[in-house]
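Student: Could we go through this model together? I would like to start with the strands and then move on to the helices and the interior.
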Amino acid sequence: MQKTFKLESVGLEVEIGKYAKQADGAVWIKSGDNVVLSTAVATKEPKDFMGFFPLTVEYREKTASAGKFPGGFVKREGRLSDHEVLISRLIDRPVRPLFPSSYFNEVQLMSTVYSYDGEFPSDVLAIIGSSLALTLAPNIPFLGPIGAVQACKIDDKWVFNTSYKDLLTSRSHIVIAGTNDGICMVEGYANNISEEDLSDLLFQAHELIKEQIEWQLKIKSELNIKDHEIESNFDWDLWEKKVNDFLPENFASALFVDEKSNRDAAMAKLQEDLLSNFAQDIKEEKVSKSILVYIFNNLLKKALPDLIISKDIRVDGRKFDEVRPISSEVGNLPRAHGSALFTRGETQALASITLGTAQDAQIIEHLAGGTLEKKFMLHYNFPPFSTGEVRMLRGVGRREIGHGYLAEKSFINVLPMHDKFPYTIRAISDVLESNGSSSMATVCATTMAMMDAGIPISDMVSGVAMGLIKDSNGKFQVITDILGMEDALGLMDFKISGTKKGIMAIQMDIKAKSGLTKEVLGKALEQAKKGRLHILDKMQQVMNEPNKQVSKFAPRVISFKVPVDKIGGIIGPSGKVIKEIISETGSQIDISDDGTVMIYSKDAKSAERAKSWIKMIAGDIEVGSVHQGIIRRFTDFGIFVELVPGKDGLLHISKIDRELQKNLTEKYKVGDKLKVKVLSYDKDSGRTSLMSPELQKSKK
């Protein structure tokens, strides 16, 4: 049975029962000419227990949705782009916590953009569509629904679910998702937004989210969908009781030690004792090792917060709002254009900066049409040795793309405009050691490295990761600068970067099924600000402003404008002239349609020569300027001297010493170099009058 439902206030429409009918849940969701198909499918039985919930989420954009061909040689969509990976994560993060802890069937969510007009954010459509597909799948025990909105600041006002064109003009962009009870996911960047304004924005968005959730539940009710009873072939309650009975009272106390290695050893000992106790059951295949470890971790999630809150101290001995010891240094990579090492506790990031030309910018195609030139890139790497592990290196993972995006967006509003600093900037952060919040260490290291590189950022940016725990009495406690263990066992991973003035980027995931209340969010933001400013102060003690000059190894840049009607002459037939300038000067030259010329060279002398050459071709010859010319021909009335290829000047006979005129062609030959000075230049006729100091008097 086909049915259509509308949410008029948002401009949403869904069709149920027409498309992808063999999926467990399928939603054809529309807004204007935007169409996304979201599907949810679960396996009938759980496979071998993997120790985690096997959820996979994939968001795809078909280029045909905007009437375009895929770029590249193979005219077919391939691996996910970074943009698609980021939106896949936006769907995954609010959905993943909303499943029963004992449900382990494989679940696959797919959202595909089939039509795109750019007037409504497709990521919001995909999040809502995925939530509704799960809600309408009777065999999938989803504890949602969730809703989502996109917020952009335009003309100093926050606007929800705006067009792609508006997004391009905004310096603030935040995606917010939530349950009926509270906010559960936030991702985006802003321009020094205050903690109070951010909190107000999130809960203004939450009112819209609750409206979407009510609509989804109404659709489920009207379709009369009854959830199936999910039965497990494993008695989770029985084995949780067995494990709990075995573990000694206050077993989590063993984890209250200083260093990560000691804590890992204590954790390994607890698990080893557990597995040893149930060795016979494992041998008889009544239970697996991975299930026992999973149950142990669940019990630890309950026991550890009780101990931390009752002891009023964290596992590493810190107070709840205390940041780990910080050290940083700059310039530790001699040949990089800028570098910095930032260490916070047992988390360490090494950042390096490369300054490139306009041709190094990343060209990105978008469904809305046209291309974007990305002139700032931040690449985050998380090698296995950073956590003392051995694992296969399979290229950049979704986590690395997501963390790199967050760190990159932290700098969007402090970078210099391209006309003031005409470089393409690539930042690389390699995490050398990790015990929590490596993405925020990346922000700090990159700030220092950019200043070391002489990039005139308008303000310094630091970052901190916040956590949240709750004891058995329901008491919440916000914690600053979380450890890896606190992230894994806590209810919140809240990364926030900013300047002294305000917040620049935010990424928040709430693992509590109820979402985040305004009161707890306010406490987290207040505590995060204190931690962020503390870290910033430590950074400023090492370096508090950018270097005045870029590295001697970085290319030199000269920027100026020429008349638009002269661009053709500078380029020449089939690029002949510009190629010659590049070849002769060893420079790289970019000319924009508006006449902006960018010259990149390894040394200032070559760059100035290229600049002079181009300006002469464009008719901008400075009277009084001196040039090393080449004699091209002799005439009865003087010598024609080539200033640059394609531009000659006349050294009139009257400007040559009479004695030298007698045997001029014997002493000077065509092709000889001759130093000349410009006496006059007529822009209308293009005539240039020259004189030569060495021809002003007789040579003896």
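Student: Which residue in S4 is the bridge partner of isoleucine 29?

Tutor: In this predicted model, isoleucine 29 is bridged to valine 36 of S4. Strands S3 (residues 25-31) and S4 (residues 34-42) run antiparallel and are joined by 7 bridges.

Student: What is the strand order in the open sheet?

Tutor: The order is S1-S2-S3-S4-S6-S5, giving an open sheet of 6 strands with mixed pairing. S1 (3-7) and S5 (55-61) have a single partner strand each, so they form the edges and one side of each lacks a neighbour in the sheet. Ignoring direction, neighbouring strands are turned by 15° against each other on average.

Student: Which helices pack on it?

Tutor: Helix H1 (residues 82-95) packs on the sheet and touches S5 and strand S6 (107-115), its direction making about 140° with that of S5. Helix H2 (residues 122-135) also packs on the sheet, touching strand S2 (12-16), S3, S4, S5 and S6. The direction of H2 makes about 35° with that of S4.

Student: Turning to the interior, how many residues does the largest nonpolar core have, and which have the most contacts inside it?

Tutor: The largest nonpolar core has 119 residues, and Ile176 and Phe494 have the most contacts inside it. Helix H8 (residues 289-311) provides the largest share of this core, 11 residues. Apart from it lies another core of 51 residues, including Ile29, Ala126, Ile128 and Leu136.

Student: And what is phenylalanine 494 in contact with, leaving aside neighbours within four places in sequence?

Tutor: Its contacts are Val464, Ala465, Met466, Ile506, Gln507, Met508, Leu521, Ala524 and Leu525.

Student: A different topic: which residues of helix H14 are buried, and which are exposed?

Tutor: Val577, Ile578, Ile581 and Thr585 are the buried residues of H14 (residues 576-585). They lie on the same side of H14, because the arc they cover around the axis is only 100°. Lys576, Lys579 and Ser583 are exposed on the other side.

Student: What do the buried residues of H14 pack against?

Tutor: They pack against helix H13 (567-571), strand S23 (588-591) and helix H15 (604-617). Just after H14, glycine 586 takes a positive phi of about 70°.

Student: One last helix: how far apart are the end C-alpha atoms of H4?

Tutor: They are 41 Å apart. This agrees with the expected span of 40 Å, which follows from 1.5 Å a residue for the 28 residues of H4 (residues 195-222). Just after H4, asparagine 224 has a positive phi of about 55°.

How values were computed:
Residues are numbered from 1 along each chain as its sequence is written. This is a predicted model: local features need pLDDT of at least 70, side-chain atom pairs count only at pLDDT 80 or more; totals for chains, interfaces and linings use all residues. Side-chain values use heavy atoms; hydrogens and water are left out. A nonpolar core is a set of buried Ala, Val, Leu, Ile, Met, Phe, Trp, Tyr and Cys residues joined through side-chain atoms within 4.5 Å. Buried means under 20% relative accessible area, exposed over 50%, partly exposed in between (1.4 Å probe, protein chains only). Helices (H or I, at least four residues) and strands (E, at least two) are DSSP runs, numbered from the N terminus. Contact means heavy atoms within 4.5 Å. The expected span of a helix is 1.5 Å times one less than its number of residues. Two strands pair if DSSP finds at least two bridges between them. Axes are lines fitted to C-alpha atoms, for helices over the stretch in contact, and angles run from 0 to 180 degrees between N-to-C directions. The arc is that of the directions from the helix axis to the C-beta atoms.
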